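Hi everyone, thanks for coming. Let me put the structure up on the screen, and then I'll walk you through a few spots in it.

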Amino acid sequence: MPRFYFSSQRSQDVSGWLARPMWLAEAAAIGLVVAVVRALPLRGALALGAWLGHVLGRFSPRIDKVRSNLRVVFASADAPELDRLTRASFANVGVAFAELVNLRRIWRARRSRLEFNEMPGATTPTAERRTVFVTAHLGPWQMTPLVGPEYGMTIPVIYAPEQNPYVDRLLNRFRAVFDAPLVARDGGMRAFVRALRQGQSIGLTVDTRLDSGESVPFFGEPAMTNTMPARLALKFDCDLVPVLAERLPGGRFRVNIHPPITPADLQAPNDDQVLDMSRQINALFEREILARPEQWLCLKRRWPKQVYQHHA
């Protein structure tokens, strides 16, 4: 059920006739912020986003979850350092919002704003080769689906719909720059299987916890992990390719296409290959998060509760 951005009330606690005007009021407020962010020069828009994220993050009910996630990753960090990283994480949320709002502007100015970098060992994406692309909520992660239009591919992209339907509709207008179908998280696997059968590539963000996932180490702790990308890659004989984006000085961005993930033992049972490939993905995400911890979007619980109790 939907919940509200500017109220601690859950939608099931609000009668149906009141929910709609509350959603509309929220959408109007967010729409006003969007208008301001789009009117500014790009660097100013990103700076405003960082400021808004920093200010609003101080009142966020998710602040304890963010700090708890960071405490697992940086077990030796003292309280001031965890506070600094927590504040930076919320500033990153604001920057990510400004980037989403300005996606089309960035894409139009891609020759000066955006570069696509094929890492050593990577293969050039093509429409002829089905690929399962995976990314993490790190840095300007919403730019990773632009691999599709850059390389002439239609890549259905999974996303988490906003719980306010009017805000969801607003933000999806900015995602139209992907020039590809948006697949809602619930039931998305069926759409992805269908796309792969039709010869298309697909894109998933896979660093978040799944209740139905499999336990794979993440920063040395067991974490329920989405192993479906590896399963799909093996089932359909696809490349499994991580794509991660980074921010550069001056309001510029780089999308890094990594080498395909392959199992260490091609003769191992399928389930063992899946877990091996998923471990490799998590290990890559770990390295990237350690390099840019302030840019990791970690607003939800990532590990089982006993892990947090151990690090408390």
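Before the first spot, one term: two strands count as paired if DSSP finds at least two bridges between them. Also, keep in mind that what you see is a predicted model.

Okay, so take strands E6 and E7. How many bridges join E6 to E7? Five of them, and the two strands run antiparallel. If you want one pair to look for, find Pro217, whose bridge partner in E7 is Pro222. E6 and E7 make a hairpin with two residues between the strands, and in that hairpin Phe219 has a positive phi near 55°.

Phe219 brings me to some other backbone angles. Asp179 isn't a glycine, yet it has a positive phi of about 50°. You'll find Asp179 in the loop between helix H8, residues 165-175, and strand E4, residues 182-184. Is Asp179 buried or exposed? Its relative accessibility is 60%, so Asp179 counts as exposed. Then there's Asp237, again not a glycine, with a positive phi of about 55°. Asp237 sits in the loop between H10 and E8, and with a relative accessible area of 54%, Asp237 is exposed too.

Now for the helix I'd like you to look at, H11. H11 covers residues 270-291, which is 22 residues, and it reaches 32 Å from its first C-alpha to its last, close to the 32 Å expected at 1.5 Å a residue. Quite a few of its residues are buried, among them Val274, Met277, Ile281, Leu284, Phe285 and Ile289. Buried polar names turn up in H11 as well, including Gln273, Asn282 and Glu286. As a reminder, in an α-helix residues three or four places apart point the same way, because there are 3.6 residues a turn. So what do the buried residues of H11 pack against? Strands E2, E6, E7 and E8, plus helix H10. That takes us back to our hairpin strands, since E6 is 214-218 and E7 is 221-225.

Last stop, Thr144, in the loop between E2 and helix H7. Why does Thr144 count as buried? Because its relative accessibility is 8%, and the cut-off for buried is under 20%. A polar atom of the Thr144 side chain lies 2.8 Å from the backbone oxygen of Trp141. Leaving aside neighbours within four places in sequence, Thr144 is in contact with Thr135, Val243, Leu244, Ala245 and Val255.

That's my tour, so over to you.

Technical notes:
Residues are numbered from 1 along each chain as its sequence is written. This is a predicted model: local features need pLDDT of at least 70, side-chain atom pairs count only at pLDDT 80 or more; totals for chains, interfaces and linings use all residues. Side-chain values use heavy atoms; hydrogens and water are left out. Helices (H or I, at least four residues) and strands (E, at least two) are DSSP runs, numbered from the N terminus. The expected span of a helix is 1.5 Å times one less than its number of residues. Buried means under 20% relative accessible area, exposed over 50%, partly exposed in between (1.4 Å probe, protein chains only). Contact means heavy atoms within 4.5 Å. A polar contact is a pair of N or O atoms within 3.5 Å; within protein, one must be able to donate a hydrogen and the other to accept it, and residues adjacent in sequence count only if both atoms are side-chain atoms.
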